[in-house]
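This report follows one sheet and the parts that pack around it. Please keep the sequence and the 3D view open while reading.

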Amino acid sequence: MNSSMIGKIEKAHRYAREPERIQLSQIEATFRGSHDDYTVRLNGPNWSCTCHTFESHAVGDTCSHVMAMQQILAPMLSTEAKYGAEAVAGAG
Ligand SMILES: [Zn+2]
């Protein structure tokens with residue numbers, strides 16, 4: 001292995017310990033819930049989920065699948081995506 005490749009690998013290891021360098025803008029994931037599989041999506045600051053809880057609630061409400069994704073990915077999410085665009089606007 002040449003030295004430039006070793007340098008890249010070392011840098012990648014360093015970056016991998018600094019997830020706050022990464023901001024996710026779009027995600028589509030299959031979430032295995034207790035009863036069924038759901039598709040959870042992030043588009044900019046907006047989350048959606050195909051589960052009944054999310055779809056039956058008013059805009060701004062959320063579900064356990066979205067909340068779990070927000071916790072797992074917290075360092076890589078914008079403030080709006082982390083807490084919900086409405087919560088951020090309301091806090092201002
Ligand atoms: Zn859900």
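In this predicted model, Phe31 has Tyr38 of β2 as its bridge partner. The two strands concerned, β1 and β2 (residues 37-43), pair in the antiparallel sense over 7 bridges. On to the next pair: β2 and β3 also run antiparallel and are joined by 4 bridges. Here Val40 stands opposite Cys49 in β3. The two pairings are set out below.

| Strands | Sense | Bridges |
|---|---|---|
| β1 and β2 | antiparallel | 7 bridges |
| β2 and β3 | antiparallel | 4 bridges |

Taken together, 3 strands form an open sheet, and their order is β1-β2-β3. Because β1 (26-32) and β3 (46-49) each have a single partner strand, they stand at the edges, and one side of each is left without a neighbour in the sheet. From one strand to the next, the twist averages 15°.

The connection between β2 and β3 is a hairpin with 2 residues between the strands. Gly44 lies in this turn and has a positive phi of about 65°.

In a regular strand, side chains alternate between the two faces of the sheet. Strand β3 shows such an alternation: Trp47 and Cys49 point to one face and are buried. Asn46 and Ser48 point to the other face and are not buried.

Which residues does Leu42 contact, leaving aside its neighbours within four places in sequence? They are Leu24, Gln26, Ile27, Trp47 and Ala81. Leu42 itself is found in strand β2. It counts as buried because 21 other C-beta atoms lie within 10 Å, and the cut-off for a buried residue is 20 or more. Leu42 and Gln26 are 16 residues apart in sequence, but their C-alpha atoms are 5.1 Å apart in space.

A helix also belongs to this picture. Helix α3 (residues 64-72) lies across β1, β2 and β3, and runs at about 55° to β2. Its buried residues are His65, Val66 and Met69. Seen down the axis of α3, these residues fall within an arc of 100°, so they line one face of the helix. What covers them includes the strands β1, β2 and β3, and also α2 (52-56).

Conventions. Residues numbered from 1 in each chain as written. Predicted model: local features only at pLDDT ≥ 70, side-chain atom pairs only at ≥ 80, totals over all residues. Pairing = 2+ DSSP bridges. Axes fitted to C-alpha atoms, helices over the stretch in contact; angles between N-to-C directions. Contact = placed C-beta atoms within 7 Å. Buried ≥ 20, exposed ≤ 12 C-beta atoms within 10 Å, placed from the backbone. Arc of directions from axis to C-beta.
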